[in-house]
Amino acid sequence: MQKITVTASGKYDVIIGRGLLADCGKYVREVSSAVKLAVITDDRVDGFHGEKVVKALESEGFEVCKFVFPHGEQSKTPETLLKIWNFLCENNITRSDCLVALGGGVTGDMTGFAAASYLRGMDFVQFPTTLLAQVDSSVGGKTGVDLPGGKNLVGAFKQPKLVLCDIDALDTLPEEFFIDGMGEVVKHGMIKSAKLFEKLEKYDLKSLRADKEVLEDVVAQNISIKRDVVQADEFDRGERMKLNFGHTLGHSIEQYYNYTGITHGQAVAAGMRMITQVAESHGIAEAGTLERLKNCLDLYRLNVPIEPTMGQLGAACLNDKKRFGDDINIVVCCDIGASMIKKMHVQAFLALLSEQD
């Protein structure tokens, strides 16, 4: 078991290990004096872990209620959030109580936003059950929902009180969702850690997933990278933008496909390939960076064909959160493990994309 402490606007521990969900009540009791806990989860995760988690929480004296929504990105909407708010009201949840996000990134984002907004703010804890949520979205305090015009356009910064990353929970994860999470794992290696990237090059999807000890270490390395970036720039005004490598185009790809048929990790992988192709063709990235990235993505089945061209994706990038007026901040990797933020005029960025078509 490993523990990583995040010191941001709120200080909290991220605990990584095996069998943590069965003991989750003990860990929550250490950080919360709540009377009631509202568990927010989706119908798929509830079937795997809901009963076990509720039992563990009740064993520590908590009164527990549970809200279950249909799984998938399609549920990450203001409409679902409104249902969560009403559920909290109906169950007389008070500001001194606590929300529990049990599930993947969709669950964590919505539960965090509900915690940031209900009664003008209350505590929440994260129990991420997907690789994507464990290595990325459960740590750092970004919460939100999607709009028809783009992903995560409405949200708030809200740090959890605790994050429990149970490696055993990944056993129930379908392969496609494990692949999804590997997109963010590769991204962290690209932007911040040549050492992590080199480790990933020594494994593949099957061997990494089978070795629990190595997998726990990889998850911990990713969380350490995320922790360091968040502590340096909690509110996404500078260094934290590097975590969005591949995401500007990746979010546009997800929107193009209406969030179906392609995972977030696959879309981010395509975005990383595209922007690295642009960077290498203009001498910003070291020669060979794109080839190593592609080879690593192949190991984890992240190279999927994308229908839209870069030029076609450009217009959707105009709603990106890293746009400021007529300028947009683009994250590029100069080499494996070395990234930079490049400020560009929007029209210049669109021209760069179009020339690759």
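1. Start with the second largest pocket of this predicted model. Its lining is made of 13 residues, and those nearest the pocket's centre are Thr-77, Asp-146, Leu-147, Pro-148 and Tyr-259. The volume comes out at about 200 Å³.

2. Where does the lining of that pocket come from? Helix 3 (78-90) and strand 7 (142-147) are two elements that each give at least two residues to the lining of the second largest pocket. By class, the lining of this pocket splits into 4 nonpolar, 5 polar and 4 charged residues.

3. Next, the cavities, which number 3 if you count those of 30 Å³ or more. The second largest cavity holds about 60 Å³ of space. If you want to find it in the viewer, pick out the stretch from Asn-244 through Phe-245, Gly-246, His-247 and Thr-248 to Leu-249, then add Gly-271, Ile-275, Ile-330, Val-331 and Phe-349; these residues line the second largest cavity.

4. Which helix gives the largest share of the lining of the second largest cavity? That is helix 10, with 3 residues. Helix 10 (247-256), helix 11 (264-281) and strand 11 (327-335) each put at least two residues into the lining of this cavity. As for classes, the lining of the second largest cavity has 6 nonpolar and 5 polar residues, and no charged ones.

5. Now have a look at helix 2, residues 43-58, which bends by about 60° at His-49. His-49 is also one of the buried residues of this helix, along with Val-45, Asp-46, Gly-50, Val-53, Val-54, Ala-56 and Leu-57. Among the elements covering the buried residues of helix 2 are helix 1 (24-31), strand 3 (36-42), strand 4 (63-69), strand 5 (98-103) and strand 6 (123-128).

6. Stay with helix 2 a little longer and check its N-terminal end. Asp-42 caps that end, with a side-chain oxygen 2.9 Å from the backbone nitrogen of Arg-44.

7. Last, a lysine to look up: Lys-226, in helix 9 (residues 212-232). Is Lys-226 buried or exposed? Lys-226 counts as buried, because its relative accessibility is 5%, and buried means under 20%. Setting aside neighbours within four places in sequence, the residues in contact with Lys-226 are Asp-136, Ser-137, Val-139, His-188, Arg-240 and Leu-243.

Key:
Residues are numbered from 1 along each chain as its sequence is written. This is a predicted model: local features need pLDDT of at least 70, side-chain atom pairs count only at pLDDT 80 or more; totals for chains, interfaces and linings use all residues. Side-chain values use heavy atoms; hydrogens and water are left out. On a 1 Å grid over the protein atoms alone, a cavity is a set of points where a 1.4 Å probe fits but cannot get out, and a pocket is an open set with protein on both sides within 12 Å along at least five of seven lines; lining residues have an atom within 4 Å of a point. Grid points are joined across faces, edges and corners, and a volume is the space filled by probe spheres set on the points. Helices (H or I, at least four residues) and strands (E, at least two) are DSSP runs, numbered from the N terminus. Ala, Val, Leu, Ile, Met, Phe, Trp, Tyr, Cys and Pro count as nonpolar, Asp, Glu, Lys and Arg as charged, and the others, Gly among them, as polar. Buried means under 20% relative accessible area, exposed over 50%, partly exposed in between (1.4 Å probe, protein chains only). Contact means heavy atoms within 4.5 Å. The bend at a residue is the angle between axes fitted to the seven residues ending there and the seven starting there. A polar contact is a pair of N or O atoms within 3.5 Å; within protein, one must be able to donate a hydrogen and the other to accept it, and residues adjacent in sequence count only if both atoms are side-chain atoms.
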